[in-house]
Amino acid sequence: MKPALRRIGVLTSGGDAPGMNAAIRAITRSALARGVAVTGIRRGYAGLISADFVDMNSRSVSNTIQRGGTILMSSRCPEMYERSGRRRAADNLRQAGVDGLVTIGGNGSIRGALALWKEEKVRVVHVPSTVDNDLPGTDVTIGFDTAVNTAIGAIDKLRDTAASHGRVFLVEVMGRENGHIAVDAALASGAEAVFVPEAKAEMKLLMKRVQAWWQEGKHSLIIVVAEGDEGGGLAAIANALKALPGIELRTCTLGHIQRGGSPTAHDRVLASTYGAAAVDALLAGKAGVMVSLSAGRLRTVPLTVGLKKPRPSDRHRFALVNRLA
Ligand code: ADP
């Protein structure tokens, strides 16, 4: 027999990502439409432990689908690493009559969700959301498309000034462990080169190519570097390029602007789809799972799948950046 589902909780945790609000909206409205009440939990796991709860109605999520960030707010919560913190979180949910929980976030948030499910039997379904797009078990996470679009918007502007002055621009984008944003942003903005954590930094090759371009009269160059690039990042590449005679070099770190802003259509549609699927999963009696898209198919996978080795960026696309430069 399926467990009763009278009220669900929803929280956003860890790094925020554009599209989280669209997910909260879809979860809230699809639950209400099925006769299930919704409790919003503020500031992620911190609000779960301090019982910072708010009753959600359909109006609570009006006019939010287009907004970046998260209306429920997010946080990093050290108490969740303690057994006592997780016990308090589960007790608070039971006291508030919450029979199912939807968590929205990245890798760390999945660890918290899995602990609540395993230890406390909290019926949790996770919605994958991180601008990094590196969660295993799904092809795509909420926020990635917007982050790439923000990066290419900035790179297009840098290209204008690079072209006007004949300059080389090194642009650092987010991606400490993986180069998903770097590779797609580089390919979509027509960058001349890209550096990512997953591939050995080919500095000698870059220097040769830059010199050749410079001699041919191609002076406007964009090089995209992921934060966690293998070769030591932006500073190391800048130092190497500065040694080349005649090169005019500028650097730009895009930083947190990539995490904010109005979500793209893709992220709004994805978040709406994932949010509704999470409620469907809880109603179907599933728990300890994450919703995912795999080869275009919407499904659920065990939370443990989302904790496997991070998914690396696409090698073919990486190679294509160089081929098309
Ligand atoms: P993200 O979800 O974006 O990867 P974090 O890694 O910062 O973000 O994790 C968000 C929160 O999830 C942490 O602040 C903590 O409260 C919780 N969390 C992370 N790892 C664990 C863990 N091993 N056990 C319990 N809770 C965890």
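Which backbone atom, an N or O atom of what residue, lies 3.0 Å from an oxygen atom of the ligand? In this predicted model, the residue is Gly-106, whose backbone N or O atom lies at that distance of 3.0 Å from a ligand oxygen. The protein covers 81% of the 560 Å² of accessible area that the ligand has on its own.

Before following the ligand further, it helps to take in the chain as a whole, which has 10 helices and 11 strands. Its C-alpha atoms fill a box of roughly 70 × 35 × 35 Å, when the box is taken along the principal axes. Because a compact globule of 325 residues would have a radius of gyration near 20 Å, the 22 Å of this chain agrees with that expectation.

Within this chain, the ligand sits in the largest pocket, where 14 residues surround the ligand, the closest being Gly-15, Arg-76, Cys-77, Gly-108 and Ser-109. By class, this shell is made up of 4 nonpolar, 8 polar and 2 charged residues, and the element that gives the most to the shell is helix H4, spanning residues 107–120, with 5 residues.

Two of the closest residues can be followed down to single atoms. For Gly-15, a polar backbone atom is 3.0 Å from an oxygen atom of the ligand, whereas for Ser-109 the side chain takes part, with an N or O atom there lying 2.5 Å from a ligand oxygen.

Note on methods: Residues numbered from 1 in each chain as written. Predicted model: local features only at pLDDT ≥ 70, side-chain atom pairs only at ≥ 80, totals over all residues. Heavy atoms only, no water. Near = heavy atom within 4 Å. Polar contact = N/O pair within 3.5 Å; in protein donor to acceptor, adjacent residues only side chain to side chain. Areas by Shrake-Rupley, 256 points an atom, 1.4 Å probe, with all protein chains shown as cover. 1 Å grid on protein atoms, 1.4 Å probe; cavity = no way out; pocket = protein on both sides within 12 Å on 5 of 7 lines; lining within 4 Å. Sits in = over half its atoms within 2 Å of the grid points. Helix = DSSP H or I, 4+ residues; strand = E, 2+ residues; numbered from the N terminus. Nonpolar A, V, L, I, M, F, W, Y, C, P; charged D, E, K, R; others polar. Rg over C-alpha atoms; globule rule 2.2 N^0.38 Å.
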